[in-house]
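Hi,

Here's the structure I said I'd send over. Have a look at it first, and then read on for my notes.

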Amino acid sequence: MYNETVMDHFSNPRNVGVIEDADAVGEVGSPSCGDTTKVFLKVKDGKIVDIKFQTLGCAAAIASSSMLTEMAKGKTLEEAMKITRDEVAESLGGLPEKKLHCSNLAADALRKAIENYYNKHKIDWV
Amino acid sequence: MKEIYFDHAATTPMDKEVAELVFKYTTEYFGNPSSMHNFGQRMRSAVENARKQVAYAIGAKSVGEIAFCSGGTEANNMAILGAARANKQKGNHIITTAVEHHSVLTTCKRLANEGFELTILPVDKYGTVSVQDVVNAVTDKTILVSIMHANNEIGSIMPIAEIGKALKKLSNKIIFHTDAVQSIGKLPVNVDDLNVDILTISAHKIYGPMGVGAMYLRQGTWWQPIMYGGGQERRRRPGTENAPGIIGFGKAIELAMERQKEYVERLTKLRDKLVKMVFDRIPDVILNGHPTNRLSGHVSLCIKYIESEALMLYLNMQGIALSSGSACTSVSPEPSHVLAAIGVSREDANSAIRITLGKDNTDEEVERFVEALADIVSKLRAMSPVAKGDCSSCACEKCV
């Protein structure tokens with residue numbers, strides 16, 4: 001059902017865990033399936049220097065979170081904000097159609113975390 | 001690494017004796033049972049022998065009461081559509097329960113679209129319908145009641161004999177059907193003891209071949225076919241019979257009856273051991289269905305704070321096969337209708353797994369499974385943002 005990249009990120013998820021002194025946190029839950037993803041950021045000079053996630057969800061949700069953290073690490077907040085839901089699924093080499101909604105959580109949680117950072121630092125953002 | 005199969009409610013491995021017979025009747029012997037030459041007649045006599053085996057196993061009075069078909073789903077469609085449509089002039093009310101297999105529930109809903117009135121009865125927290133609720137639902141228009149003998153998802157057992165007895169007292173125009181696909185070979189299934197008019201079973205759940213099932217139709221029951229064609233199966237199921245499958249089914253059900261007592265005793269013990277080990281090792285687990293009044297070898301668990309697909313796939317990587325929720329629901333994102341009906345929350349339903357043991361499973365397999373499960377659950381819970389921490393001093397949102 002899932003391709004090799006998805007199974008790799010699912011069986012060995014990257015950047016799992018909590019950043020205790022995170023600079024920003026974003027959490028989203030999916031109303032359609034109950035899955036939840038939480039993203040923790042450590043930010044330095046406008047760049048994501050560390051990122052970790054926690055996910056309650058299926059293989060697609062876990063693999064997407066893992067892939068997202070790899071995509072976002074090292075990016076500026078501005079660049080990271082531009083990561084779309086589709087790009088996460090594409091980077092995984094595609095997901096079964098009925099599982100696409102599970103992969104949306106990751107990008108949404110990152111966006112929320114960045115918003116959380118901007119709000120904390122009273123930075124205007126669009 | 002030896003693989004472990006814990007998904008016997010989905011399907012079972014074919015018994016060697018059965019497989020040999022099926023092989024023999026596809027290679028050494030073949031022929032259309034309707035043909036009058038020797039090739040056909042050899043198949044005919046083997047098919048009729050299988051019919052005797054099935055009739056004997058379920059206590060049918062006459063072999064003519066058994067019609068073979070392609071499996072449980074077709075048998076349930078035949079039972080419900082055939083009984084309802086044939087008795088339309090007597091009434092239009094059908095009663096079923098909220099936890100039936102999709103092949104019953106969807107078929108009843110189809111009839112509701114055709115103008116039948118449908119009552120879907122609720123069940124208690126164990127997944128059991130009450131006899132009184134069934135009796136109360138009966139009206140002077142009721143023509144069909146369809147209630148499963150045992151549930152495929154949570155293993156709970158319905159009081160079929162009592163319901164049948166109560167219905168017979170109420171009215172002689174009510175046809176009572178039970179889907180015995182999950183119970184055959186695990187519980188005593190006798191059509192007279194159960195007081196049913198129609199009973200449906202499938203071969204591949206009892207170490208028989210896939211693609212073959214049967215409908216028992218009590219003599220004198222008004223019923224009409226749902227398919228039309230040749231005169232096979234006394235016009236109840238036209239089309240060339242799946243003769244090798246039917247022959248295998250006959251052998252499988254004979255073996256199932258011979259071995260039922262032994263299997264049930266062993267698998268009940270193994271099931272109880274598994275449940276105890278899981279509860280000893282893993283916190284925040286719920287057993288779905290009744291703790292004791294359930295199918296031998298059947299365990300349905302909600303493992304809180306995780307998602308069952310992830311759990312099932314991690315177990316699969318270790319060679320352990322089981323179902324997340326019910327096999328039928330794993331292709332759709334909708335939560336299980338059965339778990340919803342017994343009051344399990346949506347979050348908990350997402351964490352449901354079904355372990356169904358079979359004749360070849362061992363104590364060692366159960367032990368290896370519980371070890372693997374405990375490891376994977378702690379890994380997934382560590383990954384889960386909603387799992388409760390086990391830190392006693394922490395006062396964060398998750399821990400209080």
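Below is what turned up around the aromatic rings.

Before anything else: this is a predicted model. Over all chains, the count comes to six aromatic pairs. Two of them are worth walking through.

One of the pairs is Phe30(B) with Phe39(B): the ring centres are 5.4 Å apart and the planes meet at 50 degrees, so this one is classed as tilted. Phe30(B) is partly exposed, at 48% relative accessibility, and Phe39(B) is partly exposed as well, at 40%.

Another is Phe68(B) with Phe249(B). Here the centres lie 6.1 Å apart with 65 degrees between the planes, which makes the pair edge-to-face, since anything over 60 counts as that. What parts of the chain does this pair tie together? Phe68(B) belongs to strand β2 (residues 66-69) of chain B, while Phe249(B) is in helix α7 (residues 243-281) of chain B, so the contact links parts that are 181 residues apart in sequence. Are these two rings buried or exposed? Phe68(B) is buried, at 2% relative accessibility, and Phe249(B) is buried too, with a relative accessible area of 0%.

There are also charges sitting over rings. Phe39(B), from the tilted pair, has the charged end of Arg42(B) over its ring, 5.2 Å from the centre. Likewise, the charged end of Lys359(B) sits over the ring of Tyr207(B), 5.0 Å from the ring centre.

Cheers

Technical notes
Residues numbered from 1 in each chain as written. Chains lettered and ligands numbered in written order. Predicted model: local features only at pLDDT ≥ 70, side-chain atom pairs only at ≥ 80, totals over all residues. Heavy atoms only, no water. Phe/Tyr/Trp six-rings, centres within 6.5 Å; stacked < 30°, edge-to-face > 60°. Buried < 20%, exposed > 50% of the residue type's maximum accessible area, 1.4 Å probe, protein only. Helix = DSSP H or I, 4+ residues; strand = E, 2+ residues; numbered from the N terminus. Lys NZ or Arg CZ within 6 Å of the ring centre and 35° of its normal.
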